[in-house]
Amino acid sequence: MVNGIERPLDLLNSAKGKEILVQLKTGKQFVGTLLAFDIHINVVLDNAKEVENGEQTRSYGLTFLRGDTIIFISPSAAAKA
Amino acid sequence: MVNGIERPLDLLNSAKGKEILVQLKTGKQFVGTLLAFDIHINVVLDNAKEVENGEQTRSYGLTFLRGDTIIFISPSAAAKA
Amino acid sequence: MVNGIERPLDLLNSAKGKEILVQLKTGKQFVGTLLAFDIHINVVLDNAKEVENGEQTRSYGLTFLRGDTIIFISPSAAAKA
Amino acid sequence: MVNGIERPLDLLNSAKGKEILVQLKTGKQFVGTLLAFDIHINVVLDNAKEVENGEQTRSYGLTFLRGDTIIFISPSAAAKA
Amino acid sequence: MVNGIERPLDLLNSAKGKEILVQLKTGKQFVGTLLAFDIHINVVLDNAKEVENGEQTRSYGLTFLRGDTIIFISPSAAAKA
Amino acid sequence: MVNGIERPLDLLNSAKGKEILVQLKTGKQFVGTLLAFDIHINVVLDNAKEVENGEQTRSYGLTFLRGDTIIFISPSAAAKA
Amino acid sequence: MVNGIERPLDLLNSAKGKEILVQLKTGKQFVGTLLAFDIHINVVLDNAKEVENGEQTRSYGLTFLRGDTIIFISPSAAAKA
């Protein structure tokens with residue numbers, strides 16, 4: 001068992017308060033601090049920044065991301081974005 | 001804890017009566033004052049304005065936005081739009 | 001509080017009998033008098049007219065619009081369409 | 001109140017046995033006599049004809065149309081198709 | 001017969017054991033004998049044949065078609081396909 | 001009645017342990033031995049092979065296919081793929 | 001082992017702790033160690049790597065993949081990716 005992850009949402013729960021990377025279906029990525037999520041994978045990021053081709057292109061501050069536009073979420077990749 | 005946000009909808013609740021920026025799947029953005037939302041992320045904006053490439057292109061006044069067309073919502077980014 | 005709108009559907013309820021503008025995912029818009037709606041945002045317009053690039057291109061009379069094709073609905077913008 | 005339409009499906013109910021025009025997401029239209037519908041907006045047309053650019057291009061007779069492919073339905077526009 | 005159809009699925013029920021034409025969202029059509037269907041409009045055809053531009057391009061025998069890929073189903077049009 | 005198929009899933013049930021052909025929305029096809037399926041039409045194939053233009057292009061072994069990406073499933077066509 | 005698979009999710013259950021290959025609708029693939037999944041086919045991979053054209057292009061570490069973006073999952077193909 002890695003990090004006590006038994007269900008997919010356990011990963012998101014353990015990432016609360018930490019930087020995550022969110023890949024959207026539009027092709028863009030967001031990085032920010034995960035504040036909250038729900039079962040639809042709606043998430044709220046603090047200090048959200050849009051990333052394109054590895055460069056941060058715009059800051060959005062507190063941002064609500066609708067779950068159905070998300071492809072994947074990676075906590076550990078945020079540091080490299 | 002930032003601003004008491006424990007669930008994603010808490011951010012929308014705290015943004016009621018304030019300017020928000022809404023990114024649609026069509027590529028367009030709206031800014032306006034958030035009056036109401038529901039669990040489908042349907043929202044009603046007052047004084048809604050369509051934004052393209054950072055310029056306000058059209059005013060719609062009171063507007064109902066259907067939740068399934070929304071990618072993200074940012075209260076703090078509205079001031080910059 | 002603007003116009004007593006606490007939930008998104010309150011805006012549609014207050015617009016019954018009035019002209020509204022409906023933006024479809026196809027890119028087209030409809031204007032017409034809102035007669036009825038439901039929780040799926042299916043709407044019925046009377047005297048419905050299709051609008052493209054600001055010009056009314058075709059009249060459909062009484063028309064049922066399926067909710068999942070709708071991006072936004074603006075009562076106040078109908079007068080300008 | 002127009003024609004006693006309080007809910008969107010009331011329009012479809014009042015159109016039973018009459019000619020309707022159905023706009024599909026594919027861009028094509030059907031005209032035919034509405035025989036039946038359900039809450040998914042699945043409809044059955046009798047004497048269904050496909051219409052492209054205002055011309056009837058093919059006859060399908062009795063036809064079941066799946067609701068999730070429908071954009072709008074207009075009873076009054078069928079006569080002009 | 002037309003008068004026996006009160007709900008959309010009645011048409012499919014009356015077509016069991018008969019040839020039907022199925023239009024898919026991909027643009028292709030299937031013809032075959034309708035053996036079974038369910039409320040999702042999943043259907044099973046016997047002696048299924050793919051049709052493109054009015055020509056039968058491939059035989060699939062017994063085939064399960066997933067309902068969410070179907071645009072329309074016409075029993076009477078199958079003979080002409 | 002052909003093969004005792006009264007409901008669409010009866011065909012899949014009768015195909016367990018046999019070769020089937022699965023057409024995906026992406027345009028690709030899979031052939032393999034059907035081991036399991038559920039009401040979402042999620043399927044598990046053993047000895048799964050991807051097929052493009054009638055040629056087997058890659059082997060995947062045991063494979064889980066998500067139901068919402070499937071257009072049709074044909075047991076009898078697998079032999080010809 | 002093949003014989004233990006009666007339902008589609010049994011394959012995912014048997015693959016826990018093993019390398020799997022995940023094909024996304026975007027065309028990209030991920031390989032990684034399956035830590036968790038749920039009925040929506042949301043999955044968590046450890047040591048996730050993005051694969052394009054057979055080459056590993058980026059490492060994401062612990063990653064949550066949203067189920068509705070997944071086409072297929074193959075445990076045995078991961079070794080070859």
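This report describes two chain interfaces and one buried residue in a predicted model.

The model is predicted, with local features requiring pLDDT of at least 70, side-chain atom pairs counted only at pLDDT 80 or more, and totals for chains, interfaces and linings taken over all residues. Residues are numbered from 1 along each chain as its sequence is written, chains are lettered from A and ligands numbered from 1 in the order in which they are written, and side-chain values use heavy atoms, without hydrogens and water.

**Relation of the copies**

A turn of 51° with a shift of 0.0 Å along the axis lays chain C on chain B with an RMSD of 0.0 Å (least-squares superposition on C-alpha atoms of residues with pLDDT of at least 70 in both copies). Only 4% of the interface residues of chain C are also interface residues in chain B, so the copies meet through different surfaces; contact here means heavy atoms within 4.5 Å.

**The two interfaces**

Buried area is the accessible area (1.4 Å probe) that two parts lose on being put together, summed over both. A salt bridge requires a side-chain nitrogen of Lys or Arg within 4 Å of a carboxyl oxygen of Asp or Glu.

| Interface | Buried area | Carbon and sulfur share | Salt bridge (N to O) |
|---|---|---|---|
| Chain G and chain A | about 1,800 Å² | 63% | A:Lys25 and G:Asp68, 3.0 Å |
| Chain C and chain B | about 1,800 Å² | 63% | C:Lys25 and B:Asp68, 3.0 Å |

Between chain G and chain A, 24 residues of chain G are in contact with 26 residues of chain A. On the chain G side, G:Leu62, G:Phe64 and G:Arg66 lose the most area to chain A, together 36% of what that side buries.

Between chain C and chain B, 26 residues of chain C contact 24 residues of chain B, and the rule finds one salt bridge. On the side of chain C that touches chain B, helix H1 (8–14) and strand S5 (70–74) each supply at least two residues (helices, H or I of at least four residues, and strands, E of at least two, are DSSP runs numbered from the N terminus). Strand S5 of chain C gives the most to that side, with five residues.

**A buried residue in chain D**

D:Ile73 lies in strand S5 (residues 70–74) of chain D. At 0% relative accessibility D:Ile73 counts as buried (under 20% relative accessible area, with exposed over 50% and partly exposed in between; 1.4 Å probe, protein chains only). Leaving aside residues up to four places away in sequence, D:Ile73 touches residues of chain C, namely C:Leu62, C:Thr63 and C:Phe64, and residues of chain D including D:Leu12, D:Ile41 and D:Val43. D:Pro8 is 65 residues from D:Ile73 in sequence and 11 Å away in space, C-alpha to C-alpha.
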